[in-house]
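Q: I would like a close look at one part of this model, with the reasoning spelled out. Please start from a single residue and then go on to other parts of the chain.

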Amino acid sequence: MDRHILLLLACLTMGLFPLAGSAQNRTTEKIPTIYVDRNGVMRWSDTKEEASFFGVNYTLPFAHAYRVMGYRGIDRKEAIDRDVYHMARLGINAYRIHLWDVEITDAQGHLLENDHLDLLDYLICKLQERGIRTFITAQTDFGNGYPERNEPTGGFSYQYDKCSVHSEVGAIAAQETYLGELVRHVNPYTGQAYKDDPYIVGFEVNNEPCHAGTVAETRNYINRMLRALRRAGNRKPVFYNVSHNGHVVQAYYDTAIDGTTYQWYPLGLVSGQTRRGNFLPFVDSYDIPFSDVKGFDRKARMVYEFDPADNLCTYLYPATVRTFRTAGFQWMTQFAYDPIDMAAYNTEYQTHYLNAAYTPGKAVGLMIAARVAQAVGRGETFGSYPADTLFSHCRVSAAQDLSEWNDGEAFYYSNNTRTQPKDAARLQAVAGRGSSPVVSYEGTGMYWLDRLEEGVWRLEVMPDAVVMNDPFAKPSLDKEVVSIFSGAWDMTLRLPDLGKHFSLTGLNEGNHARQTVNDGTIAAIRPGAYLLQRKGVSPQNRWEADTRWGNIRLGEYVQPELSRTDWKVIHTPTVSTDADKPLHIEATVAGMEKPDSVLLYTDRISFWNEHNPYIKMNHAGGYTYTAIVPDTEVKEGCFRYIVVVCKDGNCHTFPAGVARSPLDWDYTAAAWWETQVARPDAPLLLWEADSRHADLETYILPEWSRADHRRTRVTPTEKPMLNVTFQSDKEQPVFFLRRYIKDEVSGRPARLSACRTLCVQLRKKPEGLKAGFITATGYTYLADCPAVEADGIARVPLTALRQTDTALLPYAYPSFLDNYFHPQTDLPFRVGEVETLEFRVEGKPGKEAEIEIGSVWLE
């Protein structure tokens, strides 16, 4: 492990980190910097040891985030303070930003001293005070609008398109001016120029450049930028993006750049919805196809942006960082951390979502990834999935949506776990969401427990986060996707060093809580920071709100504004279930208070009935309520129901979301949740070409090919079918149809386990059609689709399914990565684990492949 990180962790534990009041006071100190040796390794200037950096991107000084702070009347520097505090708590040591040059330059490329630059300076200083290093990408070369429209600023790069900015004479001259003035710029908060600041690791010339020209033209452009930086006095490492423009890749290695930058979006981007499935195969390897290029091994490797996008899974960050370290990367920064003052809406980048308060499980996963970045050696290997789910002191599980760090002194977990800490008596730090053998807690926010000295701990509890809407759907500042509530939940601690008998004292401003705990359980704890002290212990130090410990003060605490939403019930009904069997119903009931009762009514409810039976839903912990509908009520057909939340004599009825009781005389809502009830031996419908056909996803490998969709119907009395025509001029194209079908089968497990045949209604069947499933393991099993029988059905025996490569769809970025996961371990197909339906056709260049498909089911 990097010696500097070991020292930082020791300081965090012992409270020795110099949380600076002024960064300028450190300018005369000998602070180690980073250099790149002749073998392309980033090393510390003092010890010559290898460096490893892990952190986030964060964009509040610019573009949409900057504007939203203005819309909401929020002081931007105070907002930065709040976010930097949480970054420090998550244990990162790296920050990267691509500057919106259009907001800090004029038409000639001169640097503008404005609010954007001032906020950047302030942010860099605040990160330094927490021990976090910065890497700056000087240019984006695109507008400042997303997700809004661009705003005219007069910046030079608005005069050119993304590609010509690297080739036109005027654009190149403006960039030389800008780069020189940028690195010479003196940060008034640190008193140092960027080129001299030891906490700035280095620079990247531009973000994801577009080089449409030749190798020579690209090389010449880069060399001009390098000369401009050197003329300005820069001696820091300079990096350049090599994951784009593969046709000129040799140009990058023919220059004097010190390092190369890459990105990774293994699940694609902007799906418009939460993606579901086992994504561990997607992050199993990062193979660079041009690693044999001359000079490759003499350049350091950096990941400027990465994110397994469009999901809230908590296990992916550690697994991704493991793969990066195996591939030799020394800098890895997630894109992007959401400012706490706008994270409720996820409007900045709808496809990404990360914040300590709003995505607590992912935040713990990020905290674990920070540990992985230091513990896993550069180039260290752990085999292929599923063998690599255990590495260093980390475990990841898609089935449990869980990542863990368990090294004997630190125990972190991103979700409920039964794993025992290696040595509970030696624990110095605990961080988690949910419950574990050392903490029992119903709240949904994350928490930290840090040992200050023997018998003295600091506890920090975040408020509850409840997902209200799909965070990855189209966003709006009028739509909360996650709401924050200040729940009061019991918390039971089982820490040998603390014992069962201890005192609790509030530390943060306005927190006057005091408790004497005699059974290990803190009663009805609210969000905040607390000092815990074992009974009979005489502390060796004074532990007060202003006491500095690690890179924080003990009394520091940040939480977002609490939600003011009315009651809301978040519930997804079971798609289908078996008749004459009990039906389990689970719902999330969220509001500013705990309800008096939650009731479930069926569609037999009526204002005119003398008696309207109901089922009282049971509180199952946190915001979860459950009910069991007896088998006598579950009859073949459609089971319809509503949920009524009651508090102080007032009722709210869902799914209509109206503040009325369904027994009011003037209740007019007609919304119901529905579950289809089938005979126990009825087939399991997986998909049919009705109005839901849009969720049958289509893909072509390689990408940038064409697929046309249309619904067809021969007569008015028959059900429609879906016609899909694929076309590609690529070599060896492969066409895919996919649908996530776990929801369709999960309500009928007994019927699923008895199924033996996949049935596909086909009017047109392309040559070479294969059909099958992706299972919960992330493995794919396919079989040749047999001839269509006289009844229009092709029947695929499940015994014919064979394990094959899993196509990694949607398309990953960068595009040079392998499109398939090639399993090294054989796993048997189990029908009870099916999650995604897949059809696959190996096409021919320039030749169409046409499929016309109706219903799909298991029997």
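Where is Thr547 found, and between which two strands does its loop run?

A: The model is a predicted one, and what follows describes that prediction. Thr547 sits in a loop, the one that runs between β27 (528-534) and β28 (548-549). The relative accessibility of Thr547 is 17%, and buried means under 20%, so Thr547 counts as buried.

The side chain of Thr547 has two polar partners to look at. One is the backbone oxygen of Arg542, which the side chain of Thr547 reaches at 3.2 Å. The other is the backbone nitrogen of Glu544, which lies 2.8 Å from a polar atom of the Thr547 side chain. Once neighbours within four places in sequence are left aside, Thr547 is in contact with Arg542, Ile552, Arg553 and Leu554. Arg542 therefore appears both as a polar partner of the Thr547 side chain and in this list of contacts.

Next comes a link of another kind. A disulfide is a covalent bond between the sulfur atoms of two cysteines. The count for this model comes to 1 disulfide. Cys163 and Cys210 form the bond, and their sulfur atoms are 1.8 Å apart. The torsion about the S-S bond of Cys163 and Cys210 is about 65 degrees, so the disulfide is right-handed. Cys163 lies in the loop between β5 (133-137) and α5 (169-184), while Cys210 lies in the loop between β8 (200-204) and α6 (215-231), so the pair ties together parts that are 47 residues apart in sequence.

The cysteines can also be sorted by accessibility. Cys163, at 28% relative accessibility, counts as partly exposed, whereas Cys210, at 19%, counts as buried. Two further cysteines can be placed on this scale: Cys125 is buried at 5%, and Cys638 is partly exposed at 35%.

The loop of Cys163 runs between β5 and α5, which leads to the helix itself. α5 has 16 residues, and at 1.5 Å a residue it should span 22 Å; its end C-alpha atoms are 23 Å apart, which agrees. Among the buried residues of α5 are Ala171, Ile172, Ala174, Tyr178, Leu179, Leu182 and Val183. Gln175 and Glu176 are buried in α5 too. The buried residues of this helix pack against β7 (192-193), β8 and α6. β8 and α6 are also the two elements on either side of the loop that holds Cys210.

Key:
Residues are numbered from 1 along each chain as its sequence is written. This is a predicted model: local features need pLDDT of at least 70, side-chain atom pairs count only at pLDDT 80 or more; totals for chains, interfaces and linings use all residues. Side-chain values use heavy atoms; hydrogens and water are left out. Helices (H or I, at least four residues) and strands (E, at least two) are DSSP runs, numbered from the N terminus. Buried means under 20% relative accessible area, exposed over 50%, partly exposed in between (1.4 Å probe, protein chains only). A polar contact is a pair of N or O atoms within 3.5 Å; within protein, one must be able to donate a hydrogen and the other to accept it, and residues adjacent in sequence count only if both atoms are side-chain atoms. Contact means heavy atoms within 4.5 Å. A disulfide is a pair of cysteine sulfur atoms within 2.5 Å. The expected span of a helix is 1.5 Å times one less than its number of residues.
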